[in-house]
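Open the model in your viewer and keep the sequence panel beside it. Each stop below gives something to select and says what is there.

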Amino acid sequence: MSFLSDMLAAITERGRSLVDFTSLSQATPMEQTAALCHSLLSSRGEASALATASEILLRYRAMDSGGKLAFFRMLLQDFGPDMKPLVAAVNTFVASPNERAAEALHRLSEPRRQNLFRMLNQSAQGTAELIQMRAELLALLPDHPELDPVDKDFQHLFRSWFNRGFLELRKIDWRTPAAILERIIRYEAVHEIADWDDLRRRIDPSDRLLYAFFHPRLPDEPLIFVEVALASEMASSIDSILDPDRTIIATEKADTAIFYSISDCQPGLRGISFGNFLIKQVVEELRTNLPQLNRFVTLSPVPLFARWLSRHQIEDSEMDALSQPDWWHDAKAAPVLEKKLPALAAWYLTGPRDAAGRLLDPVARFHLGNGARLERINWLANTGNAGMASSHGIMVNYLYKLDEIERNHEAYASGQPVAVSASVRRLATGGARLLETTHTTGGKS
């Protein structure tokens with residue numbers, strides 16, 4: 001990859017001598033950028049195309065937030081499908097539907113900005129630049145939803161460029177280059193890595209593993225990674241996994257692999273699914289190298305449970321204790337809440353749906369859609385500030401039972417009831433009953 005980048009950079013530099021960028025000096029900066037984009041789409045020479053792509057990306061990086069908004073609007077307005085030939089192609093196809101007419105219709109219906117993105121991607125750092133560009137577009141979308149067609153084009157291309165066939169699974173350990181390890185520390189999104197010592201505890205002992213997906217165009221940038229603890233039983237709290245004074249178990253004594261943290265690393269690739277492939281491939285890797293492992297589970301957060309519960313405004317004096325600091329240390333309140341919160345969490349994870357018919361919890365959607373079974377609700381599994389604020393300390397185990405994964409996935413995809421253990425099903429029934437018998441207000445799911 002270093003050789004390829006150096007070669008592209010050299011060709012780009014030679015191409016700059018072939019392109020007169022000063023001829024655009026009388027136009028406004030955005031008009032100049034638009035002209036360069038049109039020039040790139042019509043270019044024929046490799047060197048001049050690479051130089052033009054590099055210049056466009058250089059100008060984009062120099063823009064402030066207002067300039068980038070104008071850039072995306074320019075892509076929306078000036079680089080969509082060419083409507084006049086497209087309408088003609090539609091009429092031709094309707095008059096005589098055949099393969100040639102269908103191909104022409106397909107080609108002309110593609111927005112021109114998709115080809116622009118392809119050509120920008122050819123520059124030395126084009127892939128990384130486009131990922132960052134989409135991350136900045138995503139930040140603008142809530143206030144500028146009209147830009148959604150531009151994002152749809154990014155998604156279309158990224159799903160092709162980052163499909164499973166291009167991804168490389170790597171085991172990350174203490175011998176991994178420091179630049180990648182620094183990124184692992186920075187990108188950890190579930191359980192913060194405090195420092196280098198903390199990182200070493202997660203990747204150096206024989207019973208702790210970390211795997212990441214990489215792409216050939218981003219050899220030092222992890223796309224997503226998963227942290228794994230080897231154990232002799234299913235973990236019920238994150239403290240037992242992250243405890244710096246824990247006892248390291250011998251690898252041959254482990255029969256359980258616990259996936260306790262999955263972190264997406266690139267905001268610009270949001271919505272491009274890697275996690276399902278990652279878990280399944282890591283399971284296969286572990287089964288090959290550690291054949292004694294017979295149980296694969298997660299220890300997962302429930303990130304939106306507290307928010308969902310607060311929206312229901314349950315009028316129950318015993319639940320009022322949740323508003324008190326350190327309520328879980330209250331000898332009177334904690335046992336009462338231990339009976340209610342896991343049941344409510346079980347119902348939240350399996351029962352209510354959003355307007356699109358999906359489960360409310362994004363982590364549950366991911367694992368249950370991936371073929372796992374919701375196995376256990378864990379009380380006070382994460383008593384850190386973030387865990388208590390987001391889920392009142394609740395964490396859950398999803399079980400990847402290898403002979404059930406595909407059946408569970410198919411059932412979930414077809415809208416059948418989610419796969420849950422008998423104990424979670426009983427808890428969920430109790431949680432639904434608790435909501436029914438407790439007067440609630442504002443209780444939209």
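Select P301 and M395 first: M395, in β8, is the bridge partner of P301. This is a predicted model, and every stop on the tour should be read that way. Now widen the selection to strand β6, residues 300-301, together with β8. The two strands pair in the antiparallel sense, over two bridges.

Next, add strand β7, residues 373-378. β7 also pairs with β8 in the antiparallel sense, here over five bridges. To find one place where they meet, pick R373, which stands opposite L399 of β8.

Hide the partners and keep β8, residues 395-399. Is this strand mostly covered or mostly open? It is mostly covered, as five of its five residues are buried. Turn on the side chains. M395, N397 and L399 point one way from the strand, while V396 and Y398 point the other way. Residues on both sides are buried.

**Around M234**

From N397 in β8, step across to M234, since the two are in contact. M234 also touches R295, V297, E375 and R376, leaving out residues up to four places away in sequence. M234 sits in the loop between β3 and α12. Why does M234 count as buried? Its relative accessible area is 17%, and the cut-off for buried is under 20%, so M234 falls on the buried side. Now select I258 as well and draw a distance between the two C-alpha atoms. M234 and I258 are 24 residues apart in sequence, and their C-alpha atoms are 7.2 Å apart in space.

**The second largest pocket**

Stay with β3 (224-231) and α12 (238-242), which are the elements that give two or more residues to the lining of the second largest pocket. Seventeen is the number to look for here: the lining has 17 residues. Select R208, L230, A231, S240 and I241, the lining residues that lie nearest the pocket centre. β3 provides the largest share of the lining, three residues. The volume of this pocket is about 230 Å³.

**The largest nonpolar core**

Which residues touch the most other members of the largest nonpolar core? Select F72, F162, L286 and F305, which hold that place among its 98 residues. Then select helix α15, residues 333-350, which gives the most to this core, with eight residues.

Centre the view on F72. Leaving aside neighbours within four places in sequence, F72 is in contact with Y60, M133, E136, L137, L140, L147 and V150.

Now move to helix α8, residues 126-140, and pick E129, which lies in that helix. Is E129 buried or exposed? E129 is buried, because its relative accessible area is 18% and the limit is under 20%. Apart from residues up to four places away in sequence, E129 touches L57 and R61.

**Two positive phi angles**

Most residues other than glycine have a negative phi. The next two stops do not follow that pattern.

Select D326, in the loop between α14 (305-312) and α15. Its phi is near 55 degrees, a positive value in a residue other than glycine. D326 counts as partly exposed because its relative accessibility is 45%.

Then select L380, in the loop between β7 and α17 (385-391). L380 is not a glycine either, and its phi is positive, at about 50 degrees. With a relative accessible area of 22%, L380 is partly exposed.

**The whole chain**

Zoom out and show the full chain in cartoon form. How many helices and strands does the protein chain have? There are 19 helices and eight strands. The C-alpha atoms fill a box of roughly 80 × 50 × 45 Å along the principal axes. Of the 445 residues, 49% count as buried. Among contacts between residues at least 6 apart in sequence, 74% join residues at least 24 apart.

Finally, colour the chain by pLDDT. The mean pLDDT is 91, and 93% of the residues reach 70 or more. Go to residues 441-445, where pLDDT stays under 50. The model has 14 contacts beyond four places in sequence for this stretch. Where pLDDT is low, the predicted coordinates should not be read in detail.

Key:
Residues numbered from 1 in each chain as written. Heavy atoms only, no water. pLDDT = per-residue confidence, 0-100. Contact = heavy atoms within 4.5 Å. Core = buried A, V, L, I, M, F, W, Y, C linked by side-chain atoms within 4.5 Å. Buried < 20%, exposed > 50% of the residue type's maximum accessible area, 1.4 Å probe, protein only. Helix = DSSP H or I, 4+ residues; strand = E, 2+ residues; numbered from the N terminus. Pairing = 2+ DSSP bridges. 1 Å grid on protein atoms, 1.4 Å probe; cavity = no way out; pocket = protein on both sides within 12 Å on 5 of 7 lines; lining within 4 Å. Points joined across faces, edges and corners; volume = space filled by probe spheres on them.
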